[in-house]
Amino acid sequence: MPVVRVPDSAGKTLLLIEYGKGKYRGPPDLPEEVMEDIHNVPIRDDDVILCSYPKTGCHWLWEMARLLRAGTADAELVEKEKYMMEFTHQDDLLKLPPKRIFNTHVFFHQLPQKVQDGKVKMIFIYRNPKDVAVSFYNHHRKFYEYEYQGEFSDYLTGLYLKGETDFGSFFTYTRDWERMMDSRPDLPIFVLSYEELQANTFNKAKELAKFLGSSADDDIIRDIVDKCSFGSMQERKGKAWTEAYGEPIMYRKGKVGDWKNWFTMAQSEMMDQVIEKEMKGSRFKFQYTL
């Protein structure tokens, strides 16, 4: 897959790869052979797939879902990348034990046919696009593979809002999934927002447990919620992804509203206009504070 350097508004570049005849862009370490065959991943009836745009709460929700499905807060430590469809070879996916919970950032139409036929349960999480912008910026700055050292203001206007990041535009991705949901009400899909999960974690976890057919009772669900708190996740799993000086990359803050520490008033108003235009009439209503 060809490597591309995408410039921000100041000319600082983000290193990505192109796949699918240049139609899609991904992280620079995305395996070409995996992406070429992702549509053909063998899917089992008891699989579940967590779908999300990057930086919308995938790590948190995946950990919660796998513990709920296991029916215990004491399951062995597993990294979600092992179950990430765009980074894991089919042979390795086939070796994973039953009741797999995959995770992915690809579009619905890129998923295996069995998923598109409605034979497999899905989970979809979304998040307000201002917090996503801040989290994605820090992700791109801190992972050396991207070779990006630009400023937030230039990243926001030159990359994020133009959809020039890996996995494309937040708005294109979200509206594409929305159109699919509107046209396919038969699909077994559990939808929630990052903010809803933050505001009422136990109740949302309980709803998710029911969707997954989990045997976990209220006490176990509370234990799982505690095990999946930001502090616990950072301590247990943050060490797998750290900067050179030891700070976690994947578990940076885990808060709603951090965008206020990054956006100027002018940037916030500008983005409000973009959101109004891109998401007009959408079923997804974003929450920017708790």
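## Exercises on a predicted model

The side chain of S169 comes within 3.0 Å of the backbone nitrogen of F171, in a model that is predicted.

**Exercise 1.** Determine where S169 is found, whether S169 is buried or exposed, and which residues beyond its sequence neighbours S169 touches.

*Solution.* Begin with the secondary structure: S169 lies in the loop that runs between α6 (152-160) and α7 (170-183). Next, take the relative accessible area of S169, which is 15%; buried means under 20%, so S169 counts as buried. Finally, leave out the residues up to four places away in sequence, and the contacts of S169 are Y53 and G163.

**Exercise 2.** List the buried residues of α6 and state which elements they pack against.

*Solution.* First go through the helix and collect its buried residues, which are F152, Y155, L156, G158, L159 and Y160. In a general α-helix there are 3.6 residues a turn, so residues three or four places apart point the same way. Then look at the partners of these buried residues: they pack against two strands, β1 (3-7) and β2 (13-19), and against the helices α5 (129-142), α7 and α12 (265-278).

**Exercise 3.** Describe the surroundings of two residues, G150 in a loop and D131 in a helix.

*Solution.* Start with G150, which is placed in the loop between α5 and α6 and is buried, its relative accessible area being 0%. With neighbours within four places in sequence set aside, G150 is in contact with D8, K12, Y137 and R141. As for distance, G150 and R66 are separated by 84 residues in sequence and by 36 Å in space, taken from C-alpha to C-alpha.

Turn then to D131, which belongs to helix α5 and, at 2% relative accessibility, is also counted as buried. Not counting residues up to four places away in sequence, D131 touches K255, V256, G257, D258 and W259. The C-alpha atoms of D131 and M271 are 12 Å apart in space, although the two residues are 140 positions apart in sequence.

**Exercise 4.** Give the phi values of K55 and E147, and decide for each residue how far it is covered.

*Solution.* As background, most residues other than glycine have a negative phi. K55, which is not a glycine, has a positive phi near 70 degrees, and E147 likewise has a positive phi, of about 55 degrees, without being a glycine. The place of K55 is the loop between β4 (48-52) and α2 (58-70), whereas E147 sits in the loop between α5 and α6. For the last step, K55 is buried with a relative accessible area of 15%, while E147, at 44% relative accessibility, is partly exposed.

**Exercise 5.** Assess the chain as a whole: how many helices and strands does it have, and how does its radius of gyration relate to the globule rule?

*Solution.* Count the elements first: the chain has 12 helices and seven strands. The radius of gyration is 18 Å, close to the 19 Å that the globule rule gives for 290 residues, so the chain is as compact as a globular protein of that length. Along the principal axes, its C-alpha atoms fill a box of roughly 50 × 45 × 40 Å. Turning to the interior, 55% of the 290 residues are buried, and among contacts with a separation of 6 or more, 70% come from residues 24 or more positions apart. At the surface, the chain exposes about 13,200 Å², of which carbon and sulfur atoms supply 49%. Last, consider the charges, 41 positive and 46 negative, whose mean positions lie 3 Å apart.

How values were computed:
Residues numbered from 1 in each chain as written. Predicted model: local features only at pLDDT ≥ 70, side-chain atom pairs only at ≥ 80, totals over all residues. Heavy atoms only, no water. Helix = DSSP H or I, 4+ residues; strand = E, 2+ residues; numbered from the N terminus. Rg over C-alpha atoms; globule rule 2.2 N^0.38 Å. Buried < 20%, exposed > 50% of the residue type's maximum accessible area, 1.4 Å probe, protein only. Contact = heavy atoms within 4.5 Å. Areas by Shrake-Rupley, 256 points an atom, 1.4 Å probe, with all protein chains shown as cover. Lys, Arg positive; Asp, Glu negative; His and termini not counted. Charge placed at Lys NZ, Arg CZ, Asp CG, Glu CD. Polar contact = N/O pair within 3.5 Å; in protein donor to acceptor, adjacent residues only side chain to side chain.
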